[in-house]
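This report looks at selected local features of one protein model. Please have the sequence and the coordinates open while reading.

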Amino acid sequence: MIQNSPFHRALLLIVLALSCSYAVAQPYPYQNSKLSPKERALDLCGRLTLDEKVGLMMHYSKPVERLDVPVFQWWSEALHGVGRNGNATVFPITMAMAATFDTLLVERVFTAVSDEARVKYNKACRMGTQREMYHGLSFWTPNINIFRDPRWGRGQETYGEDPYLTAVMGKSVVRGLQGPMDAPYQKLLACAKHFAVHSGPEWSRHRFNAENIKPRDLHETYLYAFRALVKEAKVAEIMCAYNSFEGKPCCGSDRLLQQILRDEWHFEGLVTSDCWAVDDFWKEWGHHYSESKTIAVSEAVIAGTDVECGETFGSLKDGVHEGRIKEETIDRSLCRLLEARFRLGDFDDPHLNPWNMIPDDRLCCQAHSDLALEAARKSIVLLRNEKNTLPLEASMVNGQCSMVIMGPNANDEEMQWGNYNGFPLHTVTLSEGIKAIEPSATLIPWKRDVQQQVDAAASAETIIFCGGISPRLEGEEMDVKEEGFKGGDRTMIELPQVQRDILAALHKAGKRVILVLCSGSAIGLVPEQQTTDAILQVWYGGQAGGQAVAEVLFGRVNPSGRLPVTFYCNVEQLPDFEDYNMEGHTYRYFRGEPLYPFGYGLSYSKFTYGKPRFADGKLSLTVTNKSKRDGTETVLVYIKRVGDIDGPIRTLRAFQRVDVAAGATQSVSIPLPPSAFEWWDVKSNAMRILPGEYVVQVGEQKLKVKL
């Protein structure tokens, strides 16, 4: 392992310079680091042939040796840790991170992720593998699509169903990945995806057309987070989605990529296609939008897609020769790509770039493992705790532990990794975490036989049932043959039937049952309100998930997670999956009675709120812990505009985690700037800060505010 000493740093710089072919002290302007990235990009673009330009516009960006242009790989993954590139720290899935309601934690997580990404890139340069997929500095994350329906299998990759929560979490991800805005070089390139109106179904995504969507729903819900990441976080990349929008494939939509993204939001970064999305323009399974491959690639670049994940852009040269696209249009896109690479320091002497100094031992280090554990602890949501079943104590009968661990997820480490994952050096499974605290607890092997499972637990008093689903069942465009699942999505949201039957049988046998629920999305748990004594929603908790769960079960950690999605009773409460209008979707427009509402989460402590007051752009209140245990309360602030009958029932616009000692009262001040009252204006068909009367809700208390 390379050590962090002056000698080894110097050696590292020499090796990086040789293997990555950095251009130093060359005569061309684009090699002058004192010029701006834009100036350098324009100069380099003017020196390239058409063949060379086209070769630079696919995810594997070919080197141009005559001009010392190094290879560049645009496709890397870092959904919740560096993915698909060997060992890395695996953090909880993003849905779990959303449940923490801790934006500073998320920024710290992705700062750690970007450290590991830079270490891996530096190693790839030394080994000559930087041309390989997933070894680059461009990371296609975060996924900020709105999780509007629990049936969508990729919802686990998002930050939940609320636009504001998604926006603030997404901004934290971008800050962590890209580094400080005033740094001499950008640390990585982050990418907001999938633009736009992309939230399932998976089985029809290559031909699905999102149309007839109300302008309000488009801007207030689906585009809200994208705009925030573009305008406030300065995200480097946008990924256009597979589906069509208003009859045009998203990667060929001038409405999305030019009018909204460039003209209205003034986005200066680059647009990448989703993988092989341009093929969907013209191939049989797709949108039937373009007559040929050459027409498809020309239309994509003209609309504003700058780089392709795929191989179709190789036909751009034919498009120029056939007069379907001008070379200057290709230059426009290429300059955006080159400018991003110059911002990374891709062409410069490595001693100018501080990110090359990150030591190798930062990868999978103890600090990052500790951070993964902290994130897992804060993400766990206590849904049910009848008669204070939790926290547990050691349960001994006749000198033997009367506690058993069972269920399909009890000893499954891969389940905890989620999808788009890396590979941790070690994963603490649920059973391993529990047995570390209660060594005499018995693990019962999982079998899909109700009577066998009940018989195996016959002598037990307490059952820790580790159930739910797994990333092998829900995810991106999957071939799953299980009942209730289709193409990675779900057709029903309840637990698999065998788990429901076993829980019912255990309850009938008089057992105390704690359900440890693993999933990336909401689960319908109506029968489990009767057949369990406690329910912990633990998501896919990453490499330290098992330890975090055990610590909550046995009271070493007080649960503080909140639901970033609504838990419905069943699919009968939901509108058509393919209906993208918001009425009936998410807590903002759902008028029924949910099983567990957005923002729900119990604690081992009991909190009460004082009367809230609003003055000088701040909401002030007190939070009192009326228990004998220290705890953390998340204060959620919702807003509704008086008289807006078509608007959301309420919508989140601020939140704050508050640590409160046992028996203590904590004063809380939460900023509510004018931007918190940005609302849909029917007169201008746009989001803007609207004067008028609003209702601000905190807990069960409401107050009226005039703007």
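The sections below cover a strand pair, a charged residue, a helix and aromatic pairs in this predicted model.

## Strand 10 and strand 19

Strand 10 spans residues 381-385, and five of its five residues are buried. Its partner is strand 19 (residues 534-537); the two run antiparallel and are joined by four bridges. Within this pairing, Val381 is bridged to Gln537 of strand 19.

## Glu474

Glu474 sits in the loop that connects strand 15 (462-468) with strand 16 (485-486). This residue is buried but has no salt bridge. The nearest side chain of opposite charge belongs to Arg490, at 4.6 Å, whereas a salt bridge requires a side-chain nitrogen of Lys or Arg within 4 Å of a carboxyl oxygen of Asp or Glu.

The side chain of Glu474 does make a polar contact with that of Tyr540, at 2.6 Å. Tyr540 is also one of the contacts of Glu474 that remain when neighbours within four places in sequence are left aside. The others are Gly153, Gln156, Ile469, Gly488, Ser519, Gly520 and Ser521.

## Helix 19

Helix 19 covers residues 545-553 and is mostly covered, with eight of its nine residues buried. The buried residues are Gly545, Gly546, Ala548, Val549, Ala550, Glu551, Val552 and Leu553.

These buried residues pack against three helices and three strands: helix 13 (366-379), helix 14 (413-416), helix 15 (430-437), strand 15, strand 18 (512-518) and strand 19. Strand 19 is thus found both in this packing and in the pairing with strand 10. After helix 19 comes Gly555, which has a positive phi near 80°.

## Aromatic pairs

There are 26 aromatic pairs in the structure. One of them joins Trp75 and Trp276 edge-to-face, with 6.2 Å between the centres and 65° between the planes. Trp75 belongs to the loop between strand 2 (72-73) and helix 4 (94-100), and Trp276 to the loop between strand 9 (270-273) and helix 10 (293-303), so the pair ties together parts that are 201 residues apart in sequence. Trp75 is buried at 8% relative accessible area, while Trp276 is partly exposed at 33%.

Trp417 and Phe423 have ring centres 5.7 Å apart and planes at 90°, so this pair is also edge-to-face. Here Trp417 counts as buried, with 10% relative accessibility, and Phe423 is partly exposed, with a relative accessible area of 38%. Elsewhere, one aromatic cluster is formed by Phe101, Tyr164, Tyr587, Phe598, Tyr638 and Phe655.

Terms used:
Residues numbered from 1 in each chain as written. Predicted model: local features only at pLDDT ≥ 70, side-chain atom pairs only at ≥ 80, totals over all residues. Heavy atoms only, no water. Buried < 20%, exposed > 50% of the residue type's maximum accessible area, 1.4 Å probe, protein only. Pairing = 2+ DSSP bridges. Lys, Arg positive; Asp, Glu negative; His and termini not counted. Polar contact = N/O pair within 3.5 Å; in protein donor to acceptor, adjacent residues only side chain to side chain. Contact = heavy atoms within 4.5 Å. Phe/Tyr/Trp six-rings, centres within 6.5 Å; stacked < 30°, edge-to-face > 60°.
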